[in-house]
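These are notes on the fold, set out as numbered points. Please read them with the structure open.

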Amino acid sequence: MFFPRYAVAAALCAATSTAFMVDPRNARSSGLNSIGSNTVVSGALGMTATISEPTAETAPEPNLMRPPIDYIWEDVAVQLKNTFGYSDEEIDAYNSEVENNKETLMKIYKALQLARGFENACNQQYMQGKIRGFMHLDNGQESIPALVDYAIKNGDKKYSYYREHTHAIASGVDPGEVMAELFMKETGSCKGAGGSMHIFDKPTYFQGGWALVSEQLPYAAGAAKSILLDRELGISDNADFEKHDAPPPEDDDRISVVFVGEGGAQNGRMAELLNSAAKDNLPLLAIVIDNGRAINTYTGDVAKNGNVFEQGRHYGVPGLQVDGYDAADVAKGGKAVIDYVRSGKGPALLQVHTYRFNGHSPADPEHER
């Protein structure tokens with residue numbers, strides 16, 4: 001290991017300062033033998049030794065379990081054109097709407113900062129014992145709530161999983177209410193009864209984090225079906241969020257949005273979701289948050305194919321993959337997919353390749369990283 005070798009070398013140098021010098025940059029690969037060819041070493045005690053230069057070896061390439069995909073906008077544009085049928089002019093418009101609009105870029109940036117700052121505050125309070133129970137943080141995945149803030153509307157029905165603080169805030173839930181919920185206070189979004197994994201807010205149609213893996217998927221499909229039934233039956237929500245005999249507005253373009261991890265997307269509920277959504281042409285968007293981990297398990301160890309955005313091919317459901325490290329591309333590509341669903345063309349998949357900086361929860365250091 002690097003540290004013991006370096007520590008031994010440092011101790012020897014301190015004891016016999018004239019003996020030899022060790023370059024820390026070489027300590028990992030060649031230990032104490034990286035001195036030179038046939039070098040005579042003389043120590044403070046008058047001892048000498050001849051050391052031969054070791055055979056040069058090429059340092060092995062690091063085995064990255066989670067390499068970046070290094071997408072550029074052109075990669076996303078090709079998918080939008082070939083899979084979703086967008087024209088070059090339409091794709092350019094989505095690009096320009098973000099890249100050439102300072103107000104839009106600032107909106108995305110502020111959403112990123114709010115998400116990171118909120119989660120950092122949660123972690124601090126958890127470590128101080130003020131937040132208890134289960135809690136899962138979203139650090140590193142901020143481009144997803146930034147997309148929600150940019151392109152998802154208040155009336156859209158949202159179903160998240162247990163890592164949902166930032167999704168709720170980006171949907172319009174008051175951050176103070178979310179934090180109060182984590183503190184188990186009555187001023188929380190669920191009066192302190194839901195906690196970190198069960199945030200619910202009627203005014204923004206944020207219908208919870210769900211604790212069980214993939215549990216939220218069928219409910220999101222049902223919500224999408226209810227949107228179609230509202231239009232068919234001529235009913236809508238009143239001020240108390242109860243159904244009454246008044247048709248939705250003519251420009252009603254609500255959709256149902258569900259968040260799921262790429263590990264959870266291997267669950268059988270995903271196939272059921274895609275089948276039912278395709279059969280009934282549901283206004284449903286599944287956002288797959290691909291952070292490379294199915295809780296603590298490296299997803300590649302349990303999934304034969306990690307390209308979840310291609311799962312819908314069997315059902316005629318298009319999918320798009322974007323690089324979660326580029327918040328602007330996530331916003332542009334995500335907005336295009338969202339508009340596809342809003343236009344009544346049916347369900348779609350959006351896979352965001354990202355990286356979760358923290359362990360599964362603050363109580364989990366996740367040593368395998």
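1. A residue counts as buried when its relative accessible area is under 20%. The model is predicted. By that cut-off, seven of the seven residues of β9 are buried, so this strand is largely enclosed by the rest of the structure. The side chains split between two directions: L284, A286, V288 and D290 point one way from β9, while L285, I287 and I289 point the other way.

2. Where does β9 lie in the sheet order? The sheet is open and has seven strands, in the order β4-β5-β3-β8-β9-β13-β12, with mixed pairing. β4 (200-201) and β12 (319-323) stand at the edges with a single partner strand each, so one side of each has no neighbour in the sheet.

3. On one flank of β9 is β8, which runs parallel to β9 and is joined to it by six bridges. Within this pairing, V258 is opposite A286 of β9. The chain gets from β8 to β9 by way of helix α10 (residues 268-279), in a β-α-β crossover that is right-handed.

4. β8 (residues 256-261) also pairs with β3 (residues 157-161), in the parallel sense, over three bridges. Here K158 has V257 of β8 as its bridge partner. Helix α9 (residues 216-233) packs on the sheet in this region, with contacts to β3, β5 (206-210), β8 and β9 (284-290). The direction of α9 makes about 170 degrees with that of β8.

5. β13 is the other neighbour to check. Six bridges join β9 to β13, and the two strands run parallel. V288 stands opposite Q351 of β13, and I289 stands opposite V352.

6. How many of the residues of β13 are buried? Six of its six residues are, and the strand is mostly covered. A348, L350 and V352 point one way from β13, with L349, Q351 and H353 pointing the other way. Both sets are buried.

7. β12 pairs with β13 in the parallel sense over five bridges. V322 has V352 of β13 as its bridge partner, and V352 is also the residue that I289 stands opposite. Between β12 and β13 the chain passes through helix α11 (residues 327-342), and this β-α-β crossover is right-handed.

8. At the β12 edge, one more helix should be noted. Strand β12 has a single partner strand. Helix α3 (residues 73-84) packs on the sheet there, touching β12 and β13 (348-353). Its direction makes about 175 degrees with that of β12.

9. α11 also meets another helix. The axes of α4 (residues 88-99) and α11 come within 9 Å and cross at roughly 135 degrees. The two helices are therefore oblique to each other, and their crossing is right-handed. α4 contributes Y94, N95, E97, V98 and E99 to the contact. From α11 come A328, D329, A331, K332, K335, A336 and D339.

Definitions and conventions. Residues numbered from 1 in each chain as written. Predicted model: local features only at pLDDT ≥ 70, side-chain atom pairs only at ≥ 80, totals over all residues. Heavy atoms only, no water. Pairing = 2+ DSSP bridges. Helix = DSSP H or I, 4+ residues; strand = E, 2+ residues; numbered from the N terminus. Contact = heavy atoms within 4.5 Å. Axes fitted to C-alpha atoms, helices over the stretch in contact; angles between N-to-C directions. Buried < 20%, exposed > 50% of the residue type's maximum accessible area, 1.4 Å probe, protein only. Right-handed = clockwise from strand over helix to strand, strands pointing away. Parallel < 35°, antiparallel > 145°, perpendicular 65-115°, else oblique. Left-handed = near helix turned anticlockwise from the far one by under 90°.
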